[in-house]
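This report describes the overall fold statistics of the model shown below. Burial, contacts, secondary structure and overall dimensions are taken up in turn.

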Amino acid sequence: MHDVAIIDYNMGNLFSIDCALKFTGLNSIITNNLDEIENSKCIILPGVGAFPEAMKRLKEKKLDTAIYNFNLKKKPIVGICLGMQLLFTSSYENTATKGLGILEGEVKKFTTNKKTENHVFNVGWRKISLSKKKDEESLLKNLGEEKMYFIHSYHVSVKDKNIESSSSQFYDKKFTASIKKENIQAFQFHPEKSGKKGIEIYYSLKKYLNLLTV
Amino acid sequence: MYLRIIPKLDIKNQNLVKGVQLEGLRVLGDPKKYAENYYQDGADEIIYHDVVASLYQRNNISSLIKRTSENVFLPMLVGGGINNKKQVEEILRSGADRIFINTAALNNPKFINEIVNSFGSSTLVVSIEFVKVGSNYLCRKDFGREETNKDLISWAKEAQDRGAGELVLTSIDSDGTGKGFDLNAAELISKNIKIPFILNGGISSLEHINEVLNASNPSGLAIGSMLHYSGLDKNFSKTLLPEGNTEFIKKNKSYKNFGSLSIQDIKKSLVKKFKMEHSSHA
């Protein structure tokens, strides 16, 4: 049994996430094996790339069902970047596509009238503002207004603002940088690429998972 | 405004090397060691450039990216000799976040569109290495060895229009000299290019950084010699691979053209002089 199963559907930088987990001492595995996923304490849904292709691949390998079942047991689920977006209702990337629908919200393209078309993706270090709500289980609880590394051109418009655990800004647009709802926490940025503050999130995950076994 | 400070590590046969105007490459040590130090020092990103890949038409940088990913938790931009999508996939799978291309794009500009269509603009950086010829700036390929008749600005615009997410612009004349970036080129680029761009070449002091920021608005500065020579891995000479020009590192000396500035020093200065909102990731 592993602490964390990183769901492998052949999209995204899984290797860096695995390195970050192992660095903190967590026992992790990159896998698309349904039993290994079911038997782990926590799953991470990663992802870089296009939403429709990602949904297609998840379904082909029945990974969507594995994620639903995991969620039914209220076991911890972490989404990163596209992995966060996939948890929501639907996306308008290229064509309207249904997401996993575990959380309510839509994935939309950044628009800004200030810059050229080339500019409508957000790459780089941006400050996150934490929501004021106190939550001992939040993986962000040890952080302040840190800068995190973002690389995306779509963002989630959440239906219930209460699930937003932090927000960030891209030009004049404020957007959801992370969410937390019950057993689910997800990040639009890449904690495994955000230096020592980012790694802090993985350390918090480790503490959180250790508490669960008690 | 936020300026990324990006150590640029040139790689030849698994060694960190550094030349002057892209020539006379000295072996400086194990690139992973340097990357670890830059991570501890608060770098915003790491560039790995396999500098002989294009010439030898091979790329074997993946094992280095993997080794680095184990304990360097920063965005990694990797390039050198990339000319097909399979290589891009392998590099991204090894832990890199973005890739850059130069020679392959000059040979076949449509290659830019191909990569953009498959991996997205945010994954692709086009690298342009240029020299001043009379009053013109002309692009070169194969790490400065091959001349082309492409004009810097028109090629940069073309790369932008074809969907590049960012550019890395190297002044070959400035590279490794420690005499500052070509300010005239910086100004030209700034006036003509709308996508974010990283400037590379020649920076060896806070004064150079101030000058370049007064002349242009880059998204990042790539820095090689200044950082490498400030933090030479003196122990490396004992465990040296017998490959390349290792005379310098064996002598265990420093290089007088470059002082000893850390990334922290640079960031402190940026906060003070340009009121930048800099957080250190260290």
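Of the 214 residues of chain A, 48% are buried, where buried stands for 20 or more other C-beta atoms within 10 Å of the residue's own, with C-beta atoms placed from the backbone. In chain B, 55% of the 282 residues are buried.

The model is predicted: local features need pLDDT of at least 70 and side-chain atom pairs count only at pLDDT 80 or more, while totals for chains, interfaces and linings use all residues. Residues are numbered from 1 along each chain as its sequence is written, and chains are lettered from A and ligands numbered from 1 in the order in which they are written.

In chain A, 68% of the contacts with a separation of 6 or more join residues 24 or more positions apart; a contact requires C-beta atoms, placed from the backbone, to lie within 7 Å. For chain B the corresponding share is 68%.

Chain A contains six helices and 14 strands, counted as DSSP runs (helices: H or I, at least four residues; strands: E, at least two). Its radius of gyration is 16 Å, close to the 17 Å of the globule rule for 214 residues, so chain A is as compact as a globular protein of that length. The radius is taken over C-alpha atoms, and the rule is 2.2 Å times the number of residues to the power 0.38.

Chain B has twelve helices and twelve strands. Its radius of gyration of 17 Å agrees with the value near 19 Å for a compact globule of 282 residues.

The C-alpha extents along the principal axes are as follows.

| Chain | Approximate C-alpha extent |
|---|---|
| Chain A | roughly 50 × 40 × 30 Å |
| Chain B | about 45 × 40 × 35 Å |

Note on methods
Buried ≥ 20, exposed ≤ 12 C-beta atoms within 10 Å, placed from the backbone. Contact = placed C-beta atoms within 7 Å.
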